[in-house]
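Reader: Could you take me through one part of this structure closely? I would love to hear about the largest cavity and what lines it.

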Amino acid sequence: MKSSRHLFILLPIIAFVISACGSTPQSTTSNALPFILITSAPNPSPTPTPFQPALYTPTQVSLLSFEINTPLLLPTETPSPSPTPPIDATATVDINQLFPTSAAPPAADSLAGNPTALPPLTDNETINFLLIGSDLRPGSSYRTDTIIVAVVWPKEGQVSLISIPRDLWIYIPTVGMQRVNTAYQSGEITGYLGGGPGLLKDTISYNLGIRIDHTAMVDFDGFRRIVDTLGGVEIPIACSYTDWRLIDPSYDQYNEDNWWLYTVGPGQIHMDGDLALWYARARSKSNDFDRGRRQQEVIRAIFGQALQTSTFGKIPQLYNDLSSTVITDLGLADLVRMAPYALNFTNANIRGYYIRPPYVSSWMTPGGAAVLLPNDAELSQMLIEATTLSTFAVERKSVKVEVQNGVPFDTWDSLAAARLNYAGYQTILSNADRRDYAASVLVDFTPGQDPTQRQTILSTLNLFSANVISQPDANSPVQYRVILGYDYEPCFQPQDLSH
C-alpha cells in the first residue's frame with residue numbers, strides 16, 4: 001500500500017487549514033518560533049479564555065449586518081462546562097474503567113517497556129490523517145487542543161472524521177494516565193521516537209485502535225492565510241452561534257473592552273480567514289464538544305468548496321503559505337500526486353463522529369483535574385462504526401436530491417442540502433418556481449417509488465407534513481426534489497443523523 005499513501009489531496013489541505021482551529025491567541029511577531037515547548041504541570045487545568053468578562057458588563061452585539069448597542073446582562077462565564085455531573089473521585093479507581101476497551105495499561109514499574117497495543121480497527125485500505133491544532137501562548141504549557149482523526153477510503157470515496165476532546169483521560173505510552181492533549185509535548189520533551197507526532201500517534205493507536213499514517217500541525221495565523229488564499233469559505237450555519245470576538249483582529253486581546261458578543265447564522269455565511277478562525281475555535285459561550293462540531297463544519301465546507309473550485313491550481317501557493325507554519329510529513333509532491341483521486345469524492349462522502357457524551361463522562365482525578373473518562377462499551381461501538389467502510393453510505397451516495405428554496409429566507413436551500421450531505425445524500429441546488437410554499441414538497445422521480453426511502457429523506461429534514469408527489473421518471477437526473485416550505489426548521493444537530 002505504499003502508493004496509497006499518496007492518494008488523496010483534499011484531506012492534507014484541510015489538515016493544514018483546520019488544525020489551527022484549536023489555537024489560542026498569541027503574539028504575531030514575525031521572527032517567533034512556530035512552537036514553544038515548556039514543561040507542563042502534572043495536572044494542567046483546562047485552557048482559560050483570553051479574559052473573563054465581568055458580570056453585567058455592557059457589551060455590543062453584532063447580528064451579521066447590523067449592531068445593537070443595548071447593554072446586556074451577562075451570566076458568569078465558565079471555560080468548559082461539564083456536560084454531566086462528575087463522578088466522585090477516589091484514590092483507588094479500577095484501572096480498567098479508564099479505557100475504551102478491556103485492555104488496561106501495564107503496571108507502573110513496567111512503563112519502561114513496550115505496552116501491548118490494542119487490536120487495530122483500521123486496515124491497509126485506509127489512509128489515516130491526524131489533524132492537530134496547538135495551544136501556543138507565551139508562558140504556558142504546550143498542548144494540542146484540537147485533535148481530529150480523518151480515516152479515508154480513497155477508492156470508495158468515503159471519509160470519517162473523529163473529533164477527540166482535549167481532556168480525554170487515557171494512557172500515554174512511557175508517561176501513564178494523562179490528558180490526550182499533553183502527549184505531543186511529552187514526546188518532544190522526552191525525545192520519544194518520532195517526537196511529539198510519534199507519541200501522539202502511538203497514544204491514539206494504543207487507546208483508540210486507529211493507525212495514523214500522516215500528521216499535520218498548524219498555527220492560527222496559517223489558518224487565516226490559507227482560508228484567505230481560497231478566497232474565503234462558505235459555511236452553512238444551521239443554528240445561530242454567539243460568542244465573544246475581538247472587535248478588530250489588531251486590537252489587544254487582553255483588554256476586555258476590545259471584545260463584543262458576535263452572532264452568525266442561521267444561513268450560509270461567507271467567512272474570511274479571521275471570521276472562520278473565530279467560528280472554529282470560540283468556546284466561551286459553549287464548550288469543547290460544540291467547538292468540535294463547528295470545526296467539522298469548517299472542514300466539510302472547505303472540502304465541498306474545493307470540489308467545486310480551482311483549488312487544485314492553488315496547491316503550490318497554498319503549500320508556500322503554510323510551509324512556515326505547518327509541521328507535517330507531507331511534501332508538495334505528495335499533494336500533487338494525490339489530486340486525481342479527488343474525483344472519487346462528492347459532497348456526501350464525509351461521516352462525522354464526536355467523542356462526547358454518552359461516549360465519555362466527566363470525572364475528577366485524585367489530583368483534582370477535571371477530565372473526561374471513556375465509557376468502554378459506547379465508545380468502542382462508535383469507533384468500530386467510524387472505522388468501518390459503510391455500505392449504508394454507498395447506497396445513499398448514489399441518491400441525488402435536488403433542493404429548492406420555496407420560502408423568502410435566503411440560503412435555506414444550502415442549509416437543507418448540507419443537512420442531507422451529513423446523512424450521506426448527494427445534493428444540487430436549483431431555483432423554485434415561487435417563494436411562498438406553506439408546506440414543503442417532496443417529488444419522487446424514482447421508478448420504484450420506495451416509501452421507506454422517501455420517509456428517510458423527510459425524517460432527515462425533520463419534515464412531517466410535507467406533500468409527496470409521485471412522478472416516476474427513469475430519465476430524471478435526480479431521484480428526488482425537495483421544495484422547502486415555511487414548515488422547515490433549519491437548526492439540527494449532526495450527531496443525531498444516521499450515516
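Author: Happily; here is a walk around that cavity and its lining. First, the ground rules: this is a predicted model, in which local features need pLDDT of at least 70 and side-chain atom pairs count only at pLDDT 80 or more, while totals for chains, interfaces and linings use all residues. Residues are numbered from 1 along each chain as its sequence is written, and side-chain values use heavy atoms, with hydrogens and water left out.

The structure holds two cavities of 30 Å³ or more. A cavity here is a set of points, on a 1 Å grid over the protein atoms alone, where a 1.4 Å probe fits but cannot get out. Within the largest one lies about 150 Å³ of space, a volume being the space filled by probe spheres set on the points, which are joined across faces, edges and corners.

Around the largest cavity, 17 residues form the lining, meaning that each has an atom within 4 Å of a point. Nearest its centre lie Ser-163, Ile-164, Pro-165, Asp-288 and Gly-292. Three elements each supply at least two lining residues: strand E4 (143-153), strand E5 (158-164) and helix H6 (288-308). These are DSSP runs numbered from the N terminus, with helices (H or I) of at least four residues and strands (E) of at least two. Helix H6 gives the most, with six residues.

As for chemistry, the lining divides into seven nonpolar, four polar and six charged residues. In this count Ala, Val, Leu, Ile, Met, Phe, Trp, Tyr, Cys and Pro are nonpolar, Asp, Glu, Lys and Arg are charged, and the others, Gly among them, are polar.

How values were computed
1 Å grid on protein atoms, 1.4 Å probe; cavity = no way out; pocket = protein on both sides within 12 Å on 5 of 7 lines; lining within 4 Å.
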